[in-house]
Amino acid sequence: VSADTREWVQQGILAAAVPKARLRLQGKLQDFPFRDGSGKFLVTVRVADGVLDYAPGWPGVEGFQGEVRFEGPGMRISAERGRILGVDLVDVVADVPDLDVGPSEVMTITGRALGPTAEFLRFVAASPVSRHIGGFTDGIRAEGSGELELKLVMPLRNTDETELEGGFRFAGNRIELLDGLPALERAGGVVRFTGDTLAIPDASAQFLGHTAKLSARTGTDGVVRFDAVGRADAAAVRARYPQPLLDGLSGTAAWRAAIRVGKGST
């Protein structure tokens with residue numbers, strides 16, 4: 001097994017209780033790791049209260065319970081549950097098909113998380129994604145919950161080149177995007193992201209008394225652009241902005257907006 005892989009295993013699994021571990025080794029040792037099926041190498045380690053630091057700069061996994069399995073040339077970490085920043089994780093799998101194939105040892109990590117939308121925003125803020133989108137999510141406030149799906153493809157010899165893709169699905173949330181704008185009520189949609197982009201293909205919410213449609217994407221300059229369309233009710237506008245100028249206003253009107261957020265400005 002390469003030195004880089006050994007170092008990842010030693011540094012990546014920071015702590016764990018091991019209630020049970022087993023080893024099976026069968027065959028000629030010069031044939032290890034028995035890629036041709038001429039022998040058997042199997043190590044299974046049950047893990048409780050584990051701490052996993054899978055990649056520098058990303059929020060770690062705490063309290064994971066599951067199994068670390070070395071079989072033949074590969075390794076798989078399966079966690080039935082764990083936590084990232086207090087959010088419950090389920091069905092987390094970290095898989096390396098071959099631990100010694102030169103510079104191309106790659107770990108793929110997949111998993112789901114269920115929890116408050118505010119904690120998802122913390123995850124983005126604590127990850128390299130935040131730097132690429134200019135800290136855009138730092139000022140967003142949210143009430144409600146959703147489901148996060150993650151996939152990381154990480155070269156063990158160069159974890160800085162980790163590729164990420166994921167999505168966060170939410171419904172019935174209350175979201176305050178920007179100071180001075182009314183909150184989005186009963187908001188629902190999907191946020192998709194990679195290591196350096198964030199996008200909302202389609203979302204909807206109650207805004208100024210009517211349903212509004214919203215989408216967002218990240219430009220090559222890291223600026224997040226929102227496009228929104230809807231209708232405004234005069235009574236809702238007066239309730240949010242109690243200005244004497246609006247006292248004689250009634251009815252509804254269509255509106256459309258384009259908002260650019262990034263690099264410290266809106």
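How many helices and strands does the secondary structure of the protein come to? The count is 4 helices and 14 strands, and the legends below walk through a predicted model of them.

**Figure 1. The whole chain, from end to end.** Here is the protein in full, with its 266 residues. Along the principal axes, its C-alpha atoms fill a box of roughly 90 × 35 × 25 Å. The radius of gyration is 24 Å, while a compact globule of 266 residues would have one near 18 Å. About 14200 Å² of surface is accessible, and carbon and sulfur atoms contribute 51% of that area. Of the residues, 41% count as buried. Among contacts with a separation of 6 or more, 50% join residues 24 or more positions apart.

**Figure 2. Confidence along the model.** The mean pLDDT of the protein is 86, and 97% of the residues reach 70 or more. Look for strand β12 (residues 210-218), which has the highest mean among the elements, 93. Helix α3 (residues 128-132) has the lowest, 72. A friendly word of caution: where pLDDT is low, predicted coordinates should not be read in detail.

**Figure 3. The buried side of helix α1.** This close-up takes in residues 3-12, the span of helix α1. Its buried residues are Thr 5, Trp 8 and Gly 12. They lie on the same side of α1, because the arc they cover around the axis is only 60°. In an α-helix, residues three or four places apart point the same way, because there are 3.6 residues a turn. What covers the buried residues of α1 includes strands β1 (13-26), β2 (40-52), β4 (74-84), β6 (106-116) and β8 (145-155).

**Figure 4. A stacked pair of phenylalanines.** The protein has 6 aromatic pairs. In one of them, Phe 120 and Phe 168 are stacked, with 4.2 Å centre to centre and 5° between the planes. Phe 120 belongs to helix α2 (residues 117-125) and Phe 168 to strand β9 (residues 163-176), so their pairing ties together parts 48 residues apart in sequence. Both rings come from buried residues: the relative accessible area is 7% for Phe 120 and 2% for Phe 168.

**Figure 5. The aromatic cluster around Phe 168.** Widening the view, we meet the partner Phe 170. The ring centres of Phe 168 and Phe 170 are 6.2 Å apart and their planes lie at 20°, so this pair is stacked too. Phe 170 is buried, with a relative accessible area of 10%. Together with Phe 193, the residues Phe 120, Phe 168 and Phe 170 make up one aromatic cluster.

Methods:
Residues numbered from 1 in each chain as written. Predicted model: local features only at pLDDT ≥ 70, side-chain atom pairs only at ≥ 80, totals over all residues. Heavy atoms only, no water. Buried < 20%, exposed > 50% of the residue type's maximum accessible area, 1.4 Å probe, protein only. Helix = DSSP H or I, 4+ residues; strand = E, 2+ residues; numbered from the N terminus. Arc of directions from axis to C-beta. Contact = heavy atoms within 4.5 Å. pLDDT = per-residue confidence, 0-100. Rg over C-alpha atoms; globule rule 2.2 N^0.38 Å. Areas by Shrake-Rupley, 256 points an atom, 1.4 Å probe, with all protein chains shown as cover. Phe/Tyr/Trp six-rings, centres within 6.5 Å; stacked < 30°, edge-to-face > 60°.
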